[in-house]
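Here are some exercises to work through with the viewer open. Try each task before you read the solution under it.

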Amino acid sequence: MSGLLLKPDGASSLLVLAHGAGAGMRHKFMEGMTRRLAARGIAVLRYQFPYMERRAKRPDPESVLLDTVRAAITTGRKCSGGLPLFAGGKSMGGRMASLVAARDRPEDVRGLIFFGYPLHRAGRPSGDRSRHLSEIQTPMLFLQGSRDALADLKLLQPVCAGLGKRAELFVLEGGDHSFRMPKSAGRSDEEALDTAAAKTASWIAAVLARSR
């Protein structure tokens, strides 16, 4: 397992960030989001799942993925310098972080951030991947593109509503699973990432303010 830490001067918090199933921690999305969050005072620890280290196409068994998330959170604690800790990830990485939060309930993880939560497989709408979310007591932020093929908003919206004040759903109109925009959207992919990063930073600030 390898990782990359970007910790700007005066950081307010540290986000332990996992990649999605099809691309590693150096993917354009991961690089872009990390850079944008760092510019807003949020340190980011990106890390790699073992299968991606081996350059394998198929993700590891769930038990290995979860243990990797646990190891990354432990590493985040050690290198945070006492900063408030958040966890999450892109797609599959975010879902694995949510499963660890539901099963382990790490008290020092102040919130969970999902960049494109994979509620179901593409073309197979289902809420099966949301059942464990009710067991999470930590605040959660869902950043979701309105065209996301892995999360039908008609299913995700009631899921988030059922979680009450613990969850907030932020929809990027026109965005797909990676927040890419169609030409008709009137804004670029880069602008969409800027919006997602700004929302993430403001949400983290609000969570920290409520806990003071």
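**After the helix**

Keep in mind that this is a predicted model. A warm-up on backbone angles: find the residue with a positive phi that follows α5. Solution: look at Gly-164, which comes after α5 and has a phi near 65°.

**Exercise 1: the two sides of α5**

Task: work out which residues of α5 (residues 153-162) are buried, and which exposed residues sit on the face turned away from them.

Solution:
- Step 1. Pick out the residues under 20% relative accessible area, the cut-off for buried. In α5 these are Leu-153, Leu-156, Val-159 and Cys-160.
- Step 2. Check their directions around the axis: they cover an arc of only 125°, so they lie on the same side of α5.
- Step 3. Turn to the face away from that buried side, and you get the exposed residues Lys-154, Ala-161 and Gly-162.
- Step 4. Now see what lies over the buried residues: the cover includes β6 (140-145) and β7 (167-172).
- Step 5. Finish at the start of the helix, where a side-chain oxygen of Asp-152 comes to within 2.8 Å of the backbone nitrogen of Lys-154.

**Exercise 2: cysteines**

Task: say how many disulfides the whole structure has, and whether Cys-160 is buried or exposed.

Solution:
- Step 1. Searching the whole structure turns up 0 disulfides.
- Step 2. Cys-160 has 5% relative accessibility, so it counts as buried.
- Step 3. Cys-79, with a relative accessible area of 22%, is partly exposed.

**Exercise 3: α3 and α4**

Task: describe how the axes of α3 (residues 62-79) and α4 (residues 92-104) are arranged.

Solution:
- Step 1. The axes come within 9 Å and cross at roughly 80°.
- Step 2. Angles of 65 to 115 degrees count as roughly perpendicular, and α3 and α4 therefore are roughly perpendicular to each other.
- Step 3. List who makes the contact: from α3, residues including Leu-65, Leu-66, Val-69 and Ile-73, and from α4, residues including Met-92, Met-96, Leu-99 and Val-100.

**Exercise 4: Arg-46**

Task: which polar partners does the side chain of Arg-46 reach?

Solution:
- Step 1. Locate Arg-46 in strand β3 (residues 42-47). Its relative accessible area is 7%, so Arg-46 is buried.
- Step 2. Skip neighbours within four places in sequence; the contacts of Arg-46 then include Ser-2, Leu-17, Met-25, Glu-31 and Thr-34.
- Step 3. Go for the polar ones: the Arg-46 side chain reaches the backbone oxygen of Met-25 at 2.8 Å, and makes a polar contact with the side chain of Thr-34 at 3.3 Å.

Notes
Residues are numbered from 1 along each chain as its sequence is written. This is a predicted model: local features need pLDDT of at least 70, side-chain atom pairs count only at pLDDT 80 or more; totals for chains, interfaces and linings use all residues. Side-chain values use heavy atoms; hydrogens and water are left out. Buried means under 20% relative accessible area, exposed over 50%, partly exposed in between (1.4 Å probe, protein chains only). Helices (H or I, at least four residues) and strands (E, at least two) are DSSP runs, numbered from the N terminus. The arc is that of the directions from the helix axis to the C-beta atoms. Contact means heavy atoms within 4.5 Å. A polar contact is a pair of N or O atoms within 3.5 Å; within protein, one must be able to donate a hydrogen and the other to accept it, and residues adjacent in sequence count only if both atoms are side-chain atoms. A disulfide is a pair of cysteine sulfur atoms within 2.5 Å. Axes are lines fitted to C-alpha atoms, for helices over the stretch in contact, and angles run from 0 to 180 degrees between N-to-C directions. Angles under 35 degrees count as roughly parallel, over 145 as roughly antiparallel, 65 to 115 as roughly perpendicular and the rest as oblique.
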